[in-house]
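Here are my notes for you, written as numbered points. Keep the model open while you read, and look up each residue as it comes along.

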Amino acid sequence: ARMKEEIKQGKSLAGAIDEGFKRAWPSIRDSNFNSLIVCAILFMFATSFIKGFALTLSLGIILSLFSAIFITRIFLMVFVGPRLEKFKWLL
């Protein structure tokens, strides 16, 4: 959604991807760190089954955060080029 806004403002696809990630990062970071804090609290004060859930949830959050920031961004930047500029409507 953020990249669509940037493209509508007339930015190139590479600029839209870069600006979209910059604008989305604070929201992604805050929500995931809040969830990790809750996981830490659950892990410290809960029983064994809940500790397992907290650990699994925190690992999932960390992997999701890593993939959202690094893998997806790199994947999109690899495909940016003259061929993809013709297909802006896909975004």
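1. Let's begin with a question: in which helix does Ile 71 lie? Find the residue in the model and you'll see that Ile 71 belongs to helix H3. Bear in mind as you go that this is a predicted model.

2. Now zoom out. The protein chain contains 4 helices and 0 strands, so if you read along the sequence you get the pattern α-α-α-α. Helix H3, the one you just looked at, covers residues 48–79.

3. How much of the chain is buried? Of its 91 residues, 19% count as buried. The accessible surface of the protein chain adds up to about 6600 Å², and 70% of that surface belongs to carbon and sulfur atoms.

4. Next, the contacts. Take those between residues at least 6 apart in sequence: 55% of them join residues at least 24 apart.

5. Ser 58 gives you a single residue to follow. It sits in helix H3, and its relative accessibility is 14%, so Ser 58 counts as buried, the cut-off being under 20%. What does Ser 58 touch, leaving aside its neighbours within four places in sequence? The answer is Leu 36 and Cys 39.

6. Time for some rings. A search of the whole structure turns up 1 aromatic pair. The pair is Phe 66 with Phe 70: their ring centres are 5.3 Å apart and their planes meet at 45°, so the pair is tilted. Why are these two separated by about one helical turn? Because Phe 66 and Phe 70 are 4 residues apart in helix H3.

7. Are the two rings of that pair buried or exposed? Neither label quite fits: Phe 66 has 43% relative accessibility, so it counts as partly exposed. Phe 70, at 45%, counts as partly exposed too. Ile 71 also gets the partly exposed label, because its relative accessible area is 46%.

8. Those three residues turn up again on the surface. Phe 66, Phe 70 and Ile 71 are among the members of a nonpolar patch, which also includes Ile 74, Phe 75, Val 78 and Phe 79. Together, the patch residues have about 740 Å² of accessible area.

9. One last ring to look at: Phe 43. Lys 51 lies over the face of Phe 43, and the distance from the ring centre is 5.7 Å.

Terms used. Residues are numbered from 1 along each chain as its sequence is written. This is a predicted model: local features need pLDDT of at least 70, side-chain atom pairs count only at pLDDT 80 or more; totals for chains, interfaces and linings use all residues. Side-chain values use heavy atoms; hydrogens and water are left out. Rings of Phe, Tyr and Trp (its six-membered ring) pair if their centres lie within 6.5 Å; planes under 30 degrees apart count as stacked, over 60 as edge-to-face and the rest as tilted. Buried means under 20% relative accessible area, exposed over 50%, partly exposed in between (1.4 Å probe, protein chains only). A charge sits over a ring if NZ of Lys or CZ of Arg is within 6 Å of the ring centre and within 35 degrees of the ring normal. Contact means heavy atoms within 4.5 Å. Patches are made of residues with over 30% relative accessible area and no salt bridge: like charges are joined within 9 Å, nonpolar side chains (Val, Leu, Ile, Met, Phe, Trp, Tyr) within 5 Å. Accessible areas come from the Shrake-Rupley method with a 1.4 Å probe; for residues, only the protein chains shown count as cover. A salt bridge is a side-chain nitrogen of Lys or Arg within 4 Å of a carboxyl oxygen of Asp or Glu.
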